[in-house]
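Visitor: Please take a close look at one part of this protein, the nonpolar core, and describe how the chain around that part is arranged.

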Amino acid sequence: RIEVRVKRSGLKVESRSGYYADRDFTHTTRGDRETQLQDQLFSAVSATDLPVLVTSGFFRVSADKYYVPLALAVPGYAVPVANETDKVSLDVLGMVRDEQGRPLGRFRETLQLPPGTGKTLAGKQVLYQSGVTLPPGRFSVKAVVRENASGLMGTYESAITVPELKKEPLKISS
C-alpha cells in the first residue's frame, strides 16, 4: 500500500494505491517453483548460476533399441551450504528430444544431500544418473538444476548420437 502526501496546497497528486513486488525464491509456492523449472527447460537462454555437465553413452539392447545412460554432475564448490544442520536440496529436470524437437524421454528428481556435509561441498561432486531407451539417430538432451535454498539455477544442453550398429561379426585388424 502506498500513500502520498504533499505539504503545499494547490497541487494535484497522481499515484497508485499500491503495488506487488516480485517474490524472492524463499517465498514462492511449490507450483511456482515447478513452473520456474519448466520455463527454464524450454527457454532459449540458459541459466548459468550453477555449473552443470551432462554426459551420455549407449548400449545396444536389441537391433533397433539402445539404452542411453545420462550422467549429470554439479561441482560441489558451486552449491551453497547454509549450515551443517540443514539438508541441501537440488531439483533436477531434463528432457531428451529428437531432431524435430519432439520429447522422447524425461527425468525429474529432487536430490537431498544429508546434513553434516560441512560448510562447503568443495572437492566433491553432486552426481545424478538416469537413462532412456532410444532408437538409432540424433537427439538432444537438456537438463536444468536448481538449488532449493537460494534458487540458483544451471542449465546444460548437449547433442546425443546413437549409431546404427548392424548385426555383423566383430571386425578386427590383422
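Guide: What follows starts with the whole chain, moves to the core, and ends with three single residues. The model is a predicted one.

The protein has one helix and eight strands. Along the sequence the helix comes first and the strands follow, in the pattern α-β-β-β-β-β-β-β-β. The C-alpha atoms occupy a box of roughly 100 × 45 × 25 Å along the principal axes. The radius of gyration is 24 Å, whereas a compact globule of 174 residues would have one near 16 Å. Of the 174 residues, 33% are buried. The accessible surface is about 11800 Å², and carbon and sulfur atoms account for 51% of that surface. As for charge, there are 24 positive and 19 negative charges, and their mean positions lie 2 Å apart. Among contacts between residues at least 6 apart in sequence, 62% join residues that are at least 24 apart.

Now the core itself. In soluble globular proteins, nonpolar side chains tend to be buried together. Here the largest nonpolar core holds 29 residues, and Leu72, Val126 and Val145 have the most contacts inside it. Six strands each supply at least two residues of this core: strand 3 (65-75), strand 4 (88-98), strand 5 (103-113), strand 6 (125-134), strand 7 (137-147) and strand 8 (153-162). Strand 3 contributes the most, with five residues. Apart from this core lies another one, of seven residues, which include Ala47, Leu93, Met95 and Val144.

Val145 shows what surrounds one of the residues with the most contacts inside the largest core. Setting aside residues up to four places away in sequence, Val145 touches Leu50, Val52, Leu72, Val74, Leu90, Asp91, Val92, Leu152, Met153 and Gly154. Leu72, on that list, is itself among the residues with the most contacts inside the core.

Ala143 is also found in strand 7. Its relative accessibility is 0%, so Ala143 counts as buried. Beyond its neighbours within four places in sequence, Ala143 is in contact with Val54, Leu72, Leu93, Gly94, Phe107, Gly154, Thr155 and Tyr156. Leu72 and Gly154 appear in the contacts of Ala143 and in those of Val145. Gly57 is 86 residues from Ala143 in sequence, and the two C-alpha atoms are 16 Å apart.

Gly151 sits in the loop between strand 7 and strand 8. Although it is a loop residue, Gly151 counts as buried because its relative accessibility is 14%, and the cut-off for buried is under 20%. Not counting residues up to four places away in sequence, Gly151 touches Phe25 and Arg146. Between Gly151 and Asp91, 60 residues apart along the chain, the C-alpha separation is 9.9 Å. Asp91 is one of the residues that Val145 touches.

Ala82 provides a contrast in another loop, the one between strand 3 and strand 4. With 72% relative accessibility, Ala82 counts as exposed, since exposed means over 50%. Its C-alpha atom is 36 Å from that of Ile160, which lies 78 residues away along the chain.

To return to the two loop residues, Gly151 is buried, whereas Ala82 is exposed. The strands on either side of the Ala82 loop are strand 3 and strand 4, and both supply residues to the largest core.

Terms used:
Residues are numbered from 1 along each chain as its sequence is written. This is a predicted model: local features need pLDDT of at least 70, side-chain atom pairs count only at pLDDT 80 or more; totals for chains, interfaces and linings use all residues. Side-chain values use heavy atoms; hydrogens and water are left out. Helices (H or I, at least four residues) and strands (E, at least two) are DSSP runs, numbered from the N terminus. The radius of gyration is taken over C-alpha atoms; the globule rule is 2.2 Å times the number of residues to the power 0.38. Buried means under 20% relative accessible area, exposed over 50%, partly exposed in between (1.4 Å probe, protein chains only). Contact means heavy atoms within 4.5 Å. Accessible areas come from the Shrake-Rupley method with a 1.4 Å probe; for residues, only the protein chains shown count as cover. Lys and Arg count as positive and Asp and Glu as negative; His and the chain ends are not counted. The place of a charge is taken as NZ of Lys, CZ of Arg, CG of Asp or CD of Glu. A nonpolar core is a set of buried Ala, Val, Leu, Ile, Met, Phe, Trp, Tyr and Cys residues joined through side-chain atoms within 4.5 Å.
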